[in-house]
Amino acid sequence: MKIVILGAGVVGVTSAWYLAKAGHSVTVIDRQPAAALETSFANAGEVSPGYSSPWAAPGIPMKAMKWLFMEHAPLIIRPTADPAAWRWMGQMLRNCTSARYSVNKSRMVRIAEYSRDCLMALRDETGIQYDQRTQGTLEVFRTQKQFDGIAKDVAVLKAGGVAYEILDRDGCAAVEPGLSASKDKIVGGLRLPGDETGDCFMFTTELAKLAEQAGVTFLYDTGILRPITEGNRVKAIETTKGTLEADTFVGALGSYTPQFLKPLGVDLPVYPVKGYSITVPIIDAARAPVSTVMDEAHKIAITRLGDRIRVGGMAEIAGFSKDLPAKRQATLTHSIEDLFGGAGDQSQAKFWSGLRPMTPDGTPVIGPTRYTNLYLNTGHGTLGWTMACGSARVLADMVSGTRPEIETGDLAISRYAA
Ligand SMILES: Cc1cc2nc3c(=O)[nH]c(=O)nc-3n(C[C@H](O)[C@H](O)[C@H](O)COP(=O)(O)OP(=O)(O)OC[C@H]3O[C@@H](n4cnc5c(N)ncnc54)[C@H](O)[C@@H]3O)c2cc1C
């Protein structure tokens, strides 16, 4: 089958890989000059099925009110008249019940766990290198109240058979020796030994090279303008470099997928939730993290990527703006120095922002649409790197008419029709 994939982020490139492996003729289109130059470029680097949870959770509306007034706030809502922002926030609030949370979380954990297994298999098969580490992740808590609050999460981990360790302050410093100097600021932590870390940009770039060797064509510097339909099929895609026909199309345009779908009358509730990261070279390895440390107070992740430290986090409702306010940079700099002081060279910090393609229920949208040859693989929000391989694998199975190895009926866009 001739398949065109729209978007060369981590989701589009992994989709291309698994579709090519299934024997299809695959072309990937992207407006950028190379793969992974938008949201997949400088994320926090966690491959973390253990922490796969929707942001829409019971108690979040109250917490969100508090965050809005914090100095180093994890959530920022810029004043906006954009009806899409308000509609999306309303949908998200409706998902903050215990019942919705548990349905949404179970979907996310299912795809994330499967994705980690697919990533491991892909690594074994190809030997791909991306500054990866398989040393687990550690969430640290600064107050006893936060620490006591993990009982709920632990129950979910137990029920899902996910390995975990609860550590006191010294236990945290034993697994992350860089915390030794700052351990008095934390009361304890939750470690998930099965989680991994790695550079999503390096991974996607390397996989794009392997996909090209396997016969995939990449059309870069090519803007996607609009779909051309014929009855209930997509016949072709009009691009800045001409029109492209195919048997099947896959929408993997991240935060821009709803704009592409609008002329088709397909309403996809994905909103661009902005996040920031900072990357600094390591100057004192003994003070640096060995893997990912999540700071629950600031809702950020501090990750070791080779000879660099990456800190990523924060959520900003600000439309499609990717500006980099000095205040957010100060928050990220503060986050590294507070726990891993002196580990990195702040004078060489690289600051970045990206737009998470977020669904209101936290679960990605993977599967068919009402156009018989148009599939979606998008809406991965906070966990697109964690979920990419598994999402792409099930997408490739669906397109090929093969039964996916996990349940997928509740992942398609049709779940919003109910
Ligand atoms: C600060 C931050 C930290 C994060 N940390 C983590 C983490 O630790 N772990 C994790 O699992 N996830 C993390 N994420 C989420 C993860 O980065 C995203 O979910 C993932 O990158 C989304 O991939 P994607 O391929 O769907 O989108 P993208 O990478 O944005 O790819 C979409 C592609 O579509 C192309 N495109 C869009 N419109 C057009 C058009 N009209 N014409 C042509 N091309 C077009 C773009 O150029 C782009 O290349 C983080 C995100 C942020 C912002």
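Let's start at Gly-194, which sits in the loop linking strand E7 (188-192) to strand E8 (196-197). This is a predicted model, so keep that in mind as we walk through it. Gly-194 has a relative accessibility of 34%, so it counts as partly exposed: that value falls between the 20% cut-off for buried and the 50% cut-off for exposed. If you look across from this loop, you'll find Val-162; the two residues are 32 apart along the chain, while their C-alpha atoms are separated by 7.8 Å.

Now zoom out to the whole chain. DSSP-style bookkeeping gives 11 helices and 20 strands. How does the radius of gyration of the chain sit against that of a compact globule? For 418 residues, a compact globule would come out near 22 Å, and the chain has 21 Å, so the two agree. Along the principal axes, the C-alpha trace spans about 65 × 45 × 40 Å.

The burial and contact numbers fill in that picture. Of the 418 residues, 57% count as buried. Take the contacts between residues at least 6 apart in sequence, and 76% of them join residues at least 24 apart. As for the surface, the chain exposes about 16,800 Å², with carbon and sulfur atoms supplying 55% of that area. On the charge side, there are 44 positive and 43 negative charges, and their mean positions lie 5 Å apart.

Back to individual residues, this time on the inside. Ser-52 belongs to the loop between strand E3 (46-47) and helix H2 (60-67). Is Ser-52 buried or exposed? With a relative accessibility of 0%, Ser-52 counts as buried, because anything under 20% does. Setting aside neighbours within four places in sequence, Ser-52 touches Lys-105, Met-108, Val-109 and Ala-112, and also Leu-383 and Thr-386.

Ile-302 is another residue at 0% relative accessible area, and so it is buried too. This one is in a strand, E16 (residues 300-305). Beyond its neighbours within four places in sequence, Ile-302 has contacts that include Pro-289, Val-293, Ile-309, Val-311, Leu-339 and Phe-340. Ser-335 is also in contact with Ile-302, whereas the C-alpha of Glu-337, a residue 35 places along from Ile-302, is 11 Å from the C-alpha of Ile-302.

Just ahead of E16 comes a backbone detail worth a look. Lys-299 lies in the loop between strand E15 (292-295) and E16, and its phi is positive, at about 55 degrees, although it is not a glycine. Why flag that? Most residues other than glycine have a negative phi. Lys-299 counts as partly exposed because its relative accessibility is 35%.

Asp-131 tells a similar backbone story: its phi is near 55 degrees, again a positive value in a residue other than glycine. Asp-131 is placed in the loop between helix H4 (98-126) and strand E5 (137-141). A relative accessibility of 27% is why Asp-131 counts as partly exposed.

Finish with a pair of strands. E11 (residues 233-239) and E12 (residues 242-245) pair in the antiparallel sense over 4 bridges. How many residues lie between them in the hairpin they form? There are 2. To get your bearings in this hairpin, pick Ile-237 and look for its bridge partner in E12, which is Leu-244.

Notes. Residues are numbered from 1 along each chain as its sequence is written. This is a predicted model: local features need pLDDT of at least 70, side-chain atom pairs count only at pLDDT 80 or more; totals for chains, interfaces and linings use all residues. Side-chain values use heavy atoms; hydrogens and water are left out. Two strands pair if DSSP finds at least two bridges between them. The radius of gyration is taken over C-alpha atoms; the globule rule is 2.2 Å times the number of residues to the power 0.38. Buried means under 20% relative accessible area, exposed over 50%, partly exposed in between (1.4 Å probe, protein chains only). Contact means heavy atoms within 4.5 Å. Accessible areas come from the Shrake-Rupley method with a 1.4 Å probe; for residues, only the protein chains shown count as cover. Lys and Arg count as positive and Asp and Glu as negative; His and the chain ends are not counted. The place of a charge is taken as NZ of Lys, CZ of Arg, CG of Asp or CD of Glu.
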